[in-house]
Amino acid sequence: AGGGIEVIQDHGEVDFPTELSFVLTAKSDNDIVAVQLLYRPAGSDTWSYAYPDFTPGRQVTTILELRITGSAYLPPGTLVEYYYVITDAQGNSLRTDANVLEYLDHRFSWTETQIDSLVLLHHDLSESRVESVSKEVEESLTNIRSLLRIETARPMRGVIYNSNLEARNALPRQSQTITDSQVFGGFAF
């Protein structure tokens, strides 16, 4: 029961490649005393949570900036699902509807191509070239699913960068040798 709690603004923003920002403005008939943000990569079973700082009151604005570098790294193309639980001084709470934020490098205008269970995000490439690559990958994935006896597979997302420089700016640096070999955090270039 929301008890008069109302969301005025709920906004997520990507500051690629270092953080996600979440802004919430809510008002209530009673002082809002707690705001909890719950988030996860879409499709994951595990939710993480954070408590943004704010001054309790009848109308509050919270800003939470999540650093996503190092151990909190997210690969480009990740969909982040999130929602809030807002609690007032009388113990009323409101769970907001879930939203999804797409973590992408906004230097580019991305296009999405889906072939079977593979979703590829790309920019400045012809559809025929992307379809050709995705069909090759899909054949390998079909063989792997057959070998491992996986009946159904949820769609996998992949991001295609067009050059080594684009990939260097988007993916975490491991070492000069790995970078020179054009392998980035488990992703092959």
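## Exercises on helix H1, its surroundings and a pocket

In helix H1, the residues Val130, Ser134, Glu138, Leu141 and Arg145 are buried. Here buried means under 20% relative accessible area, exposed over 50%, and partly exposed in between, with a 1.4 Å probe and protein chains only. Helices (H or I, at least four residues) and strands (E, at least two) are DSSP runs numbered from the N terminus.

The model is predicted: local features need pLDDT of at least 70, side-chain atom pairs count only at pLDDT 80 or more, and totals for chains, interfaces and linings use all residues. Residues are numbered from 1 along each chain as its sequence is written, and side-chain values use heavy atoms, with hydrogens and water left out.

**Exercise 1. The helix**

Compare the expected span of H1 with the distance between its end C-alpha atoms, then work out where its buried residues sit around the axis.

Solution. H1 runs over residues 127-148, which is 22 residues. The expected span is 1.5 Å times one less than the number of residues, which gives 32 Å for H1. The end C-alpha atoms are 31 Å apart, so the two values agree.

Next, take the buried set, Val130, Ser134, Glu138, Leu141 and Arg145. These residues cover an arc of only 70° around the axis, so they lie on the same side of H1. The arc is taken from the directions from the helix axis to the C-beta atoms. The other side of H1 carries the exposed residues Ser128, Arg129, Glu136, Glu139, Asn143, Ser146 and Leu147.

Then find the packing partners: the buried residues of H1 pack against E8, strand E9 (118-122) and strand E10 (156-159). Contact here means heavy atoms within 4.5 Å.

Finally, inspect both ends. In the loop between E9 and H1 lies Asp124, which has a positive phi of about 55° although it is not a glycine. Its relative accessibility is 68%, so Asp124 counts as exposed. Just after H1, Arg149 also takes a positive phi, of about 55°. Leu148, within H1, is exposed at a relative accessible area of 54%. The C-alpha atoms of Leu148 and Tyr49 are 34 Å apart, with their positions 99 residues apart in sequence.

**Exercise 2. Two threonines**

Is Thr113 buried or exposed, and which side chain makes a polar contact with its side chain?

Solution. Thr113 sits in strand E8 (residues 111-115). Its relative accessible area is 6%, so Thr113 is buried. The side chain of Thr113 makes a polar contact of 3.0 Å with that of Glu127. Such a contact is a pair of N or O atoms within 3.5 Å; within protein, one must be able to donate a hydrogen and the other to accept it, and residues adjacent in sequence count only if both atoms are side-chain atoms. Leaving aside neighbours within four places in sequence, Thr113 is in contact with Leu118, Val119, Leu120, His122, Glu127, Val130 and Glu131.

Now treat Thr96 in the same way. Its place is the loop between strand E6 (93-95) and strand E7 (99-103). With a relative accessible area of 9%, Thr96 is buried. A polar atom of its side chain lies 2.9 Å from the backbone nitrogen of Tyr84. Not counting residues up to four places away in sequence, Thr96 touches Val7, Asp10, Tyr83, Tyr84 and Ile86.

**Exercise 3. Strand E2 and the pocket**

Which strand gives the most to the lining of the second largest pocket?

Solution. A pocket is an open set of points on a 1 Å grid over the protein atoms alone, where a 1.4 Å probe fits, with protein on both sides within 12 Å along at least five of seven lines; lining residues have an atom within 4 Å of a point. The second largest pocket has a volume of about 170 Å³, volume being the space filled by probe spheres set on the points, which are joined across faces, edges and corners.

Its lining holds 14 residues, and Tyr39, Pro41, Ile68, Ala72 and Leu74 lie nearest the centre. Strand E2 (19-41) and strand E4 (57-67) each supply at least two lining residues. E2 gives the most, with four.

E2 also holds Leu20, which is buried at a relative accessible area of 2%. Beyond four places in sequence, the residues that Leu20 touches include Ile68 and Leu74. Ahead of E2, in the loop that follows strand E1 (6-15), lies Pro17; a cis peptide bond joins Phe16 and Pro17, with omega about 5°.
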